[in-house]
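Trainee: Could we go through this structure together? I would like to understand how its helices pack and how its charged side chains pair.

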Amino acid sequence: MLMNVQNLKPQVYDPRGVVRSVAIPTAKRIGTLSGLRLGVLDNSKWNANKLLRGAIEVLGKEIDFNEIHYYVKHSFSKDAAPELIEKIVEENDIVLTAIGDCGSCTSGCLRDAIALEQRDVPTAVIVTTEFVKETVLTRQALGMTELEPVIISHPVSSITMEEIAQRVAQIFTQAQAVWMGEQSGAADAYLQTRSTPD
């Protein structure tokens with residue numbers, strides 16, 4: 001049977017879609033870091049261990065943590081298992097996690113951070129400069145737009161010990177600001193500077 005194509009009306013679909021999410025508040029921020037239990041979640045990406053171990057060392061010299069617990073998830077592209085999130089919540093007051101330096105690991109880190117923030121554990125999630133836009137889009141899609149990342153220089157996977165030390169210094173300052181609620185608007189401000197012509 002032949003169709004009369006002259007009677008067909010073209011249909012145009014918008015592929016962009018619309019992001020709809022329910023607003024989720026972050027955990028209550030911390031007034032002082034001394035005496036707290038610090039949890040460190042390593043997503044097993046290259047050099048995440050070196051960054052996090054270095055950050056623990058420099059933070060520990062400045063802050064008198066009560067305890068420091070180190071955890072590793074063995075798939076950087078997946079969310080941490082619910083039982084691991086539960087263990088971290090039970091054993092820690094604040095969390096540091098890394099590293100978001102590609103699409104899937106950035107998403108995984110943010111999802112872990114949001115899961116912890118929803119359980120009232122302030123979490124500093126480390127991402128590189130090349131994935132700040134993905135960070136902003138992901139937190140918007142997941143509803144926690146006020147979650148501020150720790151932003152360090154890209155790349156991470158192939159850097160020298162001197163470059164690791166430089167990134168650890170970035171973590172040292174920003175992580176404390178995130179935990180204490182003093183990093184407001186950092187990701188948006190960073191993106192704005194990137195989009196401004198020289």
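Mentor: Let us begin with a term: two residues are in contact when heavy atoms of theirs lie within 4.5 Å. Please also keep in mind that this is a predicted model.

Trainee: Understood. Which residues of α3 meet which residues of α4?

Mentor: On the α3 side they are Thr106, Leu110, Arg111 and Ile114, and on the α4 side Thr135, Thr138 and Leu142. By class, that contact of α3 with α4 comprises three nonpolar residues, three polar ones and one charged one.

Trainee: At what angle do the axes of α3 and α4 cross?

Mentor: They cross at roughly 45 degrees, and the axes come within 10 Å. Here α4 covers residues 132-142. An angle that is neither roughly parallel, roughly antiparallel nor roughly perpendicular counts as oblique, and α3 and α4 are therefore oblique to each other.

Trainee: What is the handedness of that crossing, left or right?

Mentor: The crossing of α3 and α4 is right-handed.

Trainee: Let us turn to α1 and α5. How do they pack?

Mentor: Helix α1, residues 48-62, packs against helix α5, residues 161-180, at an angle of about 55 degrees. Their axes are 9 Å apart. This pair is therefore oblique as well, and α1 passes α5 in a right-handed crossing.

Trainee: Which residues make that contact?

Mentor: From α1 come Lys50, Leu51, Gly54, Ala55, Val58, Leu59 and Glu62. They meet Met161, Ile164, Arg167, Val168, Ile171, Phe172, Gln176 and Trp179 in α5. Sorted by class, the contact of α1 with α5 has 10 nonpolar, two polar and three charged residues.

Trainee: A change of topic, please. How many salt bridges are there in the whole structure?

Mentor: A search of the whole structure gives 10 salt bridges. As background, side chains of opposite charge can pair when their charged atoms come close.

Trainee: Since we have just discussed α1, what does Lys61 pair with?

Mentor: Its side chain meets that of Glu57 in a salt bridge, at 3.7 Å from N to O. Lys61 and Glu57 are four residues apart in helix α1, so about one helical turn separates them.

Trainee: Are these two residues buried or exposed?

Mentor: Lys61 has 66% relative accessibility and so counts as exposed. Glu57, at 49%, counts as partly exposed.

Trainee: Which residue forms a salt bridge with Lys73?

Mentor: Asp112 does, and the closest N and O atoms are 2.6 Å apart. This pair links distant parts of the chain, with the two positions 39 residues apart in numbering: Lys73 lies in the loop between β2 (67-72) and α2 (82-91), while Asp112 lies in helix α3, residues 103-118.

Trainee: Is that pair buried or exposed?

Mentor: Lys73 is buried, with a relative accessible area of 5%. Asp112 is buried too, with a relative accessible area of 2%.

Trainee: What about α2: which residue pairs with Glu91?

Mentor: Glu91 forms a salt bridge with Lys87, the closest N and O atoms being 2.9 Å apart. They are four residues apart in helix α2, so they are separated by about one helical turn. Glu91 is partly exposed at 24% relative accessible area, and Lys87 is partly exposed at 41%.

Trainee: Finally, which residues are joined into one network by salt bridges that share partners?

Mentor: Arg139, Glu148 and Asp188 are joined in that way.

Methods. Residues are numbered from 1 along each chain as its sequence is written. This is a predicted model: local features need pLDDT of at least 70, side-chain atom pairs count only at pLDDT 80 or more; totals for chains, interfaces and linings use all residues. Side-chain values use heavy atoms; hydrogens and water are left out. Axes are lines fitted to C-alpha atoms, for helices over the stretch in contact, and angles run from 0 to 180 degrees between N-to-C directions. Angles under 35 degrees count as roughly parallel, over 145 as roughly antiparallel, 65 to 115 as roughly perpendicular and the rest as oblique. A crossing is left-handed if the near helix is turned anticlockwise from the far one by less than a right angle, and right-handed if clockwise. Ala, Val, Leu, Ile, Met, Phe, Trp, Tyr, Cys and Pro count as nonpolar, Asp, Glu, Lys and Arg as charged, and the others, Gly among them, as polar. A salt bridge is a side-chain nitrogen of Lys or Arg within 4 Å of a carboxyl oxygen of Asp or Glu. Buried means under 20% relative accessible area, exposed over 50%, partly exposed in between (1.4 Å probe, protein chains only).
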